[in-house]
Amino acid sequence: MDAERPDQHIQPTHLAVTERTRHRRLRDQGSTRVADLDAILRAGFVCHLGVVVDGTPMVVPTVYGVDFESRTLFVHGSVASRSIVQAPDATVCVSVTHIDGLVLARSVFEHGVNYRSAMVYAVPRLITGGDELLHGLRVVTEHCTPGQWDYARRPNSRELAATSLLALSLEEASVKVAAGPPDDADGPDGELGLWAGVVPLRSRFGAPEADPALPVGIAVPAHVAALGGGSPGN
């Protein structure tokens, strides 16, 4: 029997630290755990893509999806694709942020925000066709709405020709997470007799709202109803 070989697909558990991702401020909020990066990316579907287009910096809000097996971030970016053509070796930055609450302290200086954020640095690849474009579109679609790729009509050749994606490696990333109450209770401000605490912010989907043009009798599919916590057909 052949000796068992190490699994070449084992993913690292921690991110490599680079000059761009080194935590210089608020180091206690920084994380190098790949699991923390993945959790932040799984929790959202909108990112901000920082690029330079025609010599002007731009931050473009767009949707994304992640292939966690290949550690690839797919970003929908037709505007940003011009920057890739102009500077194919330029690094871009993609950021994803979730706000979890306002931290209201006894002094204005100690106020803050509870958040989870990730910044990904990479030289993107422009994907404009072939099986990889279809795969990337499926990843983005399923990341936003699991089950929708198999439910809706697939893109045709004309639609694919008008679509481009950017593919970025998740190898270089910076992660920060802030959580908890204000930390000024033990100082002089703790004696002021002022209220302090956290006002949570939670995002959730509501019940699906049908297109007014939808014919009677077409029920909400189960995978869509599940997003709003409801049951199919409502």
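These exercises walk through a predicted model of one protein chain.

**Exercise 1. The chain as a whole**

Task: Describe the make-up, extent and surface of the protein chain.

Solution:
- Start with secondary structure. The protein chain has six helices and 10 strands.
- Take the extent next. Along its principal axes, the C-alpha trace spans about 65 × 60 × 50 Å.
- Then the surface. The accessible surface comes to about 14700 Å², and 56% of it belongs to carbon and sulfur atoms.
- Turn to the interior. The chain has 234 residues, and 35% of them are buried.
- Finish with contacts. Among those between residues at least 6 apart in sequence, 69% join residues at least 24 apart.

**Exercise 2. The span of a helix**

Task: Check the end-to-end distance of helix α3 against the span it should have.

Solution:
- Helix α3 covers residues 130-144, which makes 15 residues.
- The rule is 1.5 Å times one less than the number of residues.
- By that rule α3 should span 21 Å.
- The end C-alpha atoms of α3 are 22 Å apart, which agrees.
- Now look at burial in α3. Leu133, Gly136, Leu137, Val139, Val140, Glu142, His143 and Cys144 are buried.

**Exercise 3. Two nonpolar cores**

Task: Find which residues touch the most other members of the largest nonpolar core, and which elements supply it.

Solution:
- The largest nonpolar core holds 26 residues.
- Within this core, Leu41, Tyr64, Leu73, Val75, Val94 and Leu168 touch the most other members.
- At least two residues of this core come from each of α1 (34-42), β2 (46-53), β3 (56-67), β4 (72-76), β5, β6 (112-122), β8 (165-169) and β9 (172-178).
- Take Val75 as a case. Beyond its neighbours within four places in sequence, Val75 is in contact with Cys47, Leu49, Thr62, Val63, Tyr64, Val94, Leu165, Leu166 and Leu168.
- There is also a second, separate core of 11 residues. Leu133, Leu137, Cys144 and Trp149 are among its members.

**Exercise 4. A nonpolar patch on the surface**

Task: Name the residues of the nonpolar surface patch and place Leu102.

Solution:
- The patch is made by Ile99, Leu102, Val113, Trp195, Val199 and Leu201.
- Its area is about 560 Å².
- Leu102 sits in strand β5, residues 92-104.
- Leu102 has 45% relative accessibility, so it counts as partly exposed.

**Exercise 5. Salt bridges**

Task: Work through three of the nine salt bridges in the structure.

Solution:
- Begin with Arg22 and Glu19. Their side chains meet in a salt bridge at 3.2 Å, N to O.
- Arg22 counts as partly exposed because its relative accessibility is 39%. Glu19 counts as exposed because it reaches 54%.
- Move to Glu172 and Arg20. Their side chains meet at 3.0 Å, N to O.
- Glu172 lies in strand β9, and Arg20 lies in the segment before β1 (30-31), so this pair ties together parts that are 152 residues apart in sequence.
- Glu172 is at 16% relative accessibility, so it counts as buried. Arg20 is at 43%, so it counts as partly exposed.
- End with Arg33 and Asp36. Their salt bridge has an N to O distance of 2.8 Å.
- Arg33 is partly exposed at 41% relative accessibility. Asp36 is partly exposed at 22%.

**Exercise 6. Positive phi angles**

Task: Locate Asp54 and Arg71, and state the phi of each.

Solution:
- Begin with the general background. Most residues other than glycine have a negative phi.
- Asp54 is not a glycine, yet its phi is positive, near 55°.
- Asp54 is found in the loop between β2 and β3.
- Arg71 also is not a glycine, and its phi is positive, about 60°.
- Arg71 is placed in the loop between β3 and β4.
- Is Arg71 buried or exposed? The cut-off for buried is under 20% relative accessible area. Arg71 is at 13% relative accessibility, so it counts as buried.

**Exercise 7. A residue in a loop**

Task: Place Ala210, classify its exposure and give its distance to Val220.

Solution:
- Ala210 lies in the loop between β10 (197-200) and α6 (222-227).
- Exposed requires over 50% relative accessible area. Ala210 has 58% relative accessibility, so it counts as exposed.
- Ala210 and Val220 are 10 residues apart along the chain. Their C-alpha atoms are separated by 8.0 Å.

Technical notes
Residues numbered from 1 in each chain as written. Predicted model: local features only at pLDDT ≥ 70, side-chain atom pairs only at ≥ 80, totals over all residues. Heavy atoms only, no water. Helix = DSSP H or I, 4+ residues; strand = E, 2+ residues; numbered from the N terminus. Buried < 20%, exposed > 50% of the residue type's maximum accessible area, 1.4 Å probe, protein only. Patch = residues over 30% accessible without salt bridge, like charges linked within 9 Å, V, L, I, M, F, W, Y side chains within 5 Å. Areas by Shrake-Rupley, 256 points an atom, 1.4 Å probe, with all protein chains shown as cover. Salt bridge = Lys/Arg side-chain N within 4 Å of Asp/Glu carboxyl O. Contact = heavy atoms within 4.5 Å. Core = buried A, V, L, I, M, F, W, Y, C linked by side-chain atoms within 4.5 Å.
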